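Have the sequence and the coordinates open side by side. The walk goes from a sheet to a hairpin, then to a few single residues.

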Amino acid sequence: MIVLAVDLGTTATKVVAVDARAKVVASTERTYPMRTSGLEAAHDPQQVLDAAFDAIRELASEDVRAIALTGAMHSIMGLDASLNPVTEALSWADNRAVEQTERLRGTAEGRELHRQTGAPIHSFTPLMKLAWFHENGVRAAKWCEIKDFVHLHLTGELINEHSSGSGTGLMNIHTLQWHEPSLEFAGVTADQLPPLVEPTHTTPLKADIPGLRKGIPVVVGGGDGPLGNLGVGAASPGAGAVSLGTSGALRVAQQGPGIDDEGRTFSYAIADGLWVRGGAISNGGVVAQWAAETFGIPVGDLLAQAEHVDSDGLVALPYLLGERAPWWDPTAHAALLGLRREHTPQQITKALVEGVCQQLALVLDAVPHVDELRITGGAFRAPIWAQTLANALGMPLHLTEDTGGSAVGAALLAWRALGEIESLTVDLVRPIRTITPDADAITRYAKARPFVAKAYRALEELYGDLEHIKKAKG
């Protein structure tokens, strides 16, 4: 018997068939475009819905006991009174709400909203996107995430859950209800948002999908970040997961919600009282892609050449796409400090890789009680990434196969809802390799890290001036 986990990603929907031992037995995916223009990044909801149903149909069989959902967090879309879309689905990558964010970021009101909702003050959150919609006269009868929209068409029920909800900036992480001050800021009311339920909540399948039995449970699921921890076996308190692809994230599981006093981390729910605390970074493998394009060297070759190179005093703030944790600053820009004519493409690339890893280390510094870390993601196919990260984090890293991640986590939620596993802390995923840090490198990176934070703080006030200069030239 299997469950089908539906992972609604940024560029594709993946459907994965998973057995009760967390083994992936089949998978398929359907791609779709994301419309981008300037600060905008959005999907056509119908395209995402069609992709999900098409992929489900391919893996449908009598062996399927349930369907479970996950997807990229922080999306938002509007529906009319008949629950038909009236807007695109804004992606997490949509930053059109920068002005609304900057008005709130760093204020007492913003800090209090962060403490109550667990979501940082950043333009990727639905809180800010809704404020942008409201200020620009866009209205809807209902607002929901793209995962909610797919669930609606599978079951006839429009609902959200505590995992995705904790990433919206609209849910109080202490009461697990929509947070009235957030709703007021966003210009919406609670009845315009879906009801909140547990991530293991089930609703009978009503859609007619050939090969699937009508009425099988559809598990509402959760956000791809928290369920990524679950999918790599890092859901026990103190267990952490690092994912690194184009961007990256570090999340550590704990019992109950909580963020640090400086507002450096988010707090997102898994299920069963388990939460993750940590942060996503906007710049991961993208820095190597940029370097490869800039220097005209294939990215795999460039990373291999840079692996054993000394960066020779170069310090990179790798903020090519702004930055999220721990600064939550969409206006941040990249910088190379100490650059001289004699520096080579390989040294610059090594500094950029080190800059990304130091950024993840700054996130780790904001999270208490970390016992172990598991890593997953396409970037780790290049050895430079895993070794540099182990050195920067100062911990052994346990590499897991990149075979399902969040989808496997959603499948485990389904098996938990079906009563086939007793606890979400059960570790069914085994690492395939351990990367051990170098003692001298640990010391070197730890000594350099305060400079990284100091450099960002020194440049922070200049970023706003730079934006004004760019606008004046435009």
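What follows is a short tour of a predicted model.

Start with the N-terminal part. UniProt, in an unreviewed entry, places the feature "domain: Carbohydrate kinase FGGY N-terminal" at residues 2-231. Over that stretch the chain is 31% helix and 27% strand. The C-alpha atoms at its two ends are 16 Å apart.

Now look for the open sheet. Six strands form it, in the order β3-β2-β1-β6-β15-β14. The pairing is mixed. Which strands stand at the edges? They are β3 (24-31) and β14 (202-204). Each has a single partner strand, so one side of each is left without a neighbour in the sheet. From one strand to the next, the twist averages 20°.

Go to the pair β6 and β15. Strand β6 covers residues 64-71 and strand β15 covers residues 217-223. The two run parallel, joined by 4 bridges. In one of these pairings, Gly71 of β6 has Gly223 in β15 as its bridge partner. Helix α8 (residues 224-231) packs on the sheet and touches both β6 and β15. The direction of α8 makes about 105° with that of β15.

His151 offers another view of this region. This residue sits in helix α5 (residues 146-155). Is His151 buried or exposed? It is buried, with a relative accessible area of 0%. Its contacts, leaving aside neighbours within four places in sequence, are Leu69, Gly156, Glu157, Ile159, Thr203, Val218 and Val220. Leu69 falls within β6 (residues 64-71), and Thr203 within β14 (202-204). Val218 and Val220 fall within β15 (residues 217-223).

Move on to the hairpin of β18 and β19. Strand β18 spans residues 266-271, and 6 of its 6 residues are buried. The strand is therefore largely enclosed by the rest of the structure. Its partner is strand β19 (residues 274-281). The two pair in the antiparallel sense, over 5 bridges. Tyr268 has Val276 as its bridge partner in β19. How many residues lie between the strands of this hairpin? There are 2. Asp272 takes a positive phi there, near 55°.

Next comes strand β22 (residues 372-376), which contains Thr376. Thr376 counts as buried, at 12% relative accessibility. Compare its position with that of Ala51. The two are 325 residues apart along the chain, and their C-alpha atoms are separated by 25 Å.

Helix α12 (residues 383-393) is mostly covered. Of its 11 residues, 9 are buried. Among them are Ile384, Trp385, Thr388, Asn391 and Leu393. Just after α12, Gly394 takes a positive phi of about 70°.

Thr388 leads on to Glu354, which touches it. Glu354 is found in helix α11 (residues 345-365). Not counting residues up to four places away in sequence, Glu354 also touches Ser311, Leu314 and Tyr445. Which side chain of opposite charge is nearest to Glu354? It is Lys350, 4.5 Å away. A salt bridge needs the charged atoms within 4 Å. Glu354 is thus buried yet has no salt bridge. Within a helix, residues three or four places apart point the same way, because an α-helix has 3.6 residues a turn.

Note on methods. Residues are numbered from 1 along each chain as its sequence is written. This is a predicted model: local features need pLDDT of at least 70, side-chain atom pairs count only at pLDDT 80 or more; totals for chains, interfaces and linings use all residues. Side-chain values use heavy atoms; hydrogens and water are left out. Buried means under 20% relative accessible area, exposed over 50%, partly exposed in between (1.4 Å probe, protein chains only). Lys and Arg count as positive and Asp and Glu as negative; His and the chain ends are not counted. Contact means heavy atoms within 4.5 Å. Two strands pair if DSSP finds at least two bridges between them. Axes are lines fitted to C-alpha atoms, for helices over the stretch in contact, and angles run from 0 to 180 degrees between N-to-C directions. UniProt positions are given in the numbering used here, feature names are shortened, and annotations may be inferred rather than shown by experiment.
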